[in-house]
Amino acid sequence: MRYISTRGQAPALSFGEAMLTGLARDGGLYVPETVPQFTQDEIAAMAGLSYEEVAFRVMKPFTAETFSDEELKGAITRAYAGFGHVARAPLKQLAPNHFLLELFHGPTLAFKDFAMQVIGQLFQIELAKQNRKVTIVGATSGDTGSAAIEAFRGLENVDVFILFPHGRVSEVQRRQMTTPIEGNVHALALEGDFDDCQAKLKDMFNDFTFRDEVGLAGVNSINFARVLAQIVYYFTSAVAVGAPHRKVSFTVPTGNFGDIFAGFLAKEMGLPIDRLVIATNQNDILDRCIKAGDYTKRGVKPSMSPSMDIEVSSNFERALFWAYGRDGAAVSALMDELKTQGSFTVSKNAMGALLEHYDSGSVGEGRTLEIIAKTLKTTGELLCPHSAVGVGVAMEAIERDPATPMITLATAHPAKFPAAVNEASGVHPELPPRMADLFEREERVTRVPNDLAELEALIRKERRV
Ligand SMILES: *Cc1c(COP(=O)(O)O)cnc(C)c1O
């Protein structure tokens with residue numbers, strides 16, 4: 001299987017190369033040239049298997065040319081061994097036809113662990129085989145950074161630098177990034193918002209001299225390996241509620257579009273998904289785009305669900321690539337418009353293609369609090385604010401179509417966002433015992449300006465490899 005760029009101007013790569021690279025050299029994102037297909041029988045046979053076994057079956061056709069069965073199996077087993085729940089991604093019932101997929105039992109309590117733990121293992125295998133070293137630089141609105149640090153801390157062949165927006169992540173998120181003691185971990189607090197962090201990251205990737213000099217690698221959700229590992233829980237959860245014998249819909253709290261795009265690929269692989277519902281907070285650029293075809297930036301307003309405070313939703317480019325019939329030139333033109341004018345309009349045909357799969361909705365701050373309180377009262381489930389946005393949008397989708405089972409992704413543990421959860425419910429969510437001492441650990445962080453040259457100088461100086 002080869003991987004091609006959404007902008008059509010970069011060489012096709014193997015899975016291993018696409019994984020170690022992250023962003024394509026033409027600024028595009030890697031996608032598989034063809035999507036492997038599963039038959040109804042193959043999907044039905046996933047019922048009752050362990051999460052790890054389904055992960056192996058789903059990922060293997062994408063990775064087989066880079067990793068042997070033994071390597072992939074070993075990576076998957078080690079990746080999920082540290083999770084706090086034996087089902088890895090347990091499903092809870094909220095209402096007669098509404099289910100909650102809990103994706104927050106990993107080491108940093110957000111769904112990012114599902115992919116990051118696997119790619120930490122896969123990087124290690126591939127770098128050792130090639131006797132190669134890399135500098136990972138990531139941008140985070142909070143959860144990617146901690147998940148990446150957790151996955152790569154202490155690894156021989158890797159230095160990891162994480163840019164997060166100063167003052168805009170929760171205290172738990174910040175401490176998860178600033179308290180690891182390993183010398184290969186570098187937490188950088190940038191003066192700006194998440195889109196600034198992400199823009200600086202892209203600029204570093206486009207500075208080919210720097211990129212080659214430090215062996216730059218990206219583990220943001222632009223990295224296809226991340227998307228791949230997230231396809232798995234669409235299969236396990238859909239099969240648990242009756243697929244492939246019945247259709248299932250999903251609602252996904254969305255920011256950078258990586259998680260929901262994994263759902264789209266699951267559908268392309270043959271999983272009978274009816275609707276993929278994009279849930280946004282007050283930063284509703286994707287909801288506006290799905291409703292009216294207009295992708296216009298208005299400025300990010302900080303919310304209580306910070307991991308979704310995003311306007312440049314990088315993986316939406318992958319969805320556009322499919323909607324435009326895999327036309328790299330068309331995608332390139334849209335992305336140029338976004339960069340120069342801060343907006344683009346999706347063509348009528350492409351909108352038609354998007355609406356075949358996606359719905360959307362948006363939930364404001366007050367309503368998010370109400371949903372946390374109400375869900376606790378009616379089900380006993382304490383939601384994080386991101387998951388609450390998902391549940392709110394899902395409830396509207398269920399009203400439109402009460403017959404199809406709806407699975408809402410719970411993307412983070414409530415204890416990651418204790419202030420909002422407490423305000424909504426009066427309950428202070430406790431951290432799981434394995435990280436109860438987080439607030440006593442010493443922090444280590446470097447404040448950095450929103451300036452490319454200074455950032456690059458810092459990374460050159462601090463990296464050990
Ligand atoms: C990253 C994140 C999201 C958004 O996921 P995308 O893949 O960026 O759309 C939602 N909720 C939480 C808690 C997250 O960490």
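This report covers a six-stranded sheet, a helix that packs on it, and the ligand site of a predicted model.

## The sheet

Six strands form an open sheet with mixed pairing. Their order across the sheet is β3-β4-β14-β9-β10-β13. Strands β3 (91–95) and β13 (358–362) are the edges, and each of them pairs on one side only. From one strand to the next, the twist averages 25°.

At the β13 edge, strand β10 (residues 273–280) runs parallel to β13, and five bridges join the two. One residue pair can be named here: Thr280 has Ser362 in β13 as its bridge partner.

## The helix on the sheet

Helix α11 spans residues 258–268 and packs on the sheet. The strands touched by α11 are β9 (248–253), β10, β13 and β14 (406–410). The direction of α11 makes about 175° with that of β10.

## The ligand site

The ligand is surrounded by 15 residues. The closest are Lys112, Asp143, Gly255, Asn256 and Thr411.

Oxygen atoms of the ligand take part in contacts with Lys112 and Phe257. For Lys112, an N or O atom in the side chain is 2.6 Å from a ligand oxygen. For Phe257, a backbone N or O atom lies 2.9 Å from an oxygen atom of the ligand. The side chain of Thr411 places an N or O atom 2.9 Å from a nitrogen atom of the ligand. The ligand taken alone exposes 380 Å², and the protein buries 97% of that area.

Terms used. Residues numbered from 1 in each chain as written. Predicted model: local features only at pLDDT ≥ 70, side-chain atom pairs only at ≥ 80, totals over all residues. Heavy atoms only, no water. Pairing = 2+ DSSP bridges. Helix = DSSP H or I, 4+ residues; strand = E, 2+ residues; numbered from the N terminus. Axes fitted to C-alpha atoms, helices over the stretch in contact; angles between N-to-C directions. Contact = heavy atoms within 4.5 Å. Near = heavy atom within 4 Å. Polar contact = N/O pair within 3.5 Å; in protein donor to acceptor, adjacent residues only side chain to side chain. Areas by Shrake-Rupley, 256 points an atom, 1.4 Å probe, with all protein chains shown as cover.
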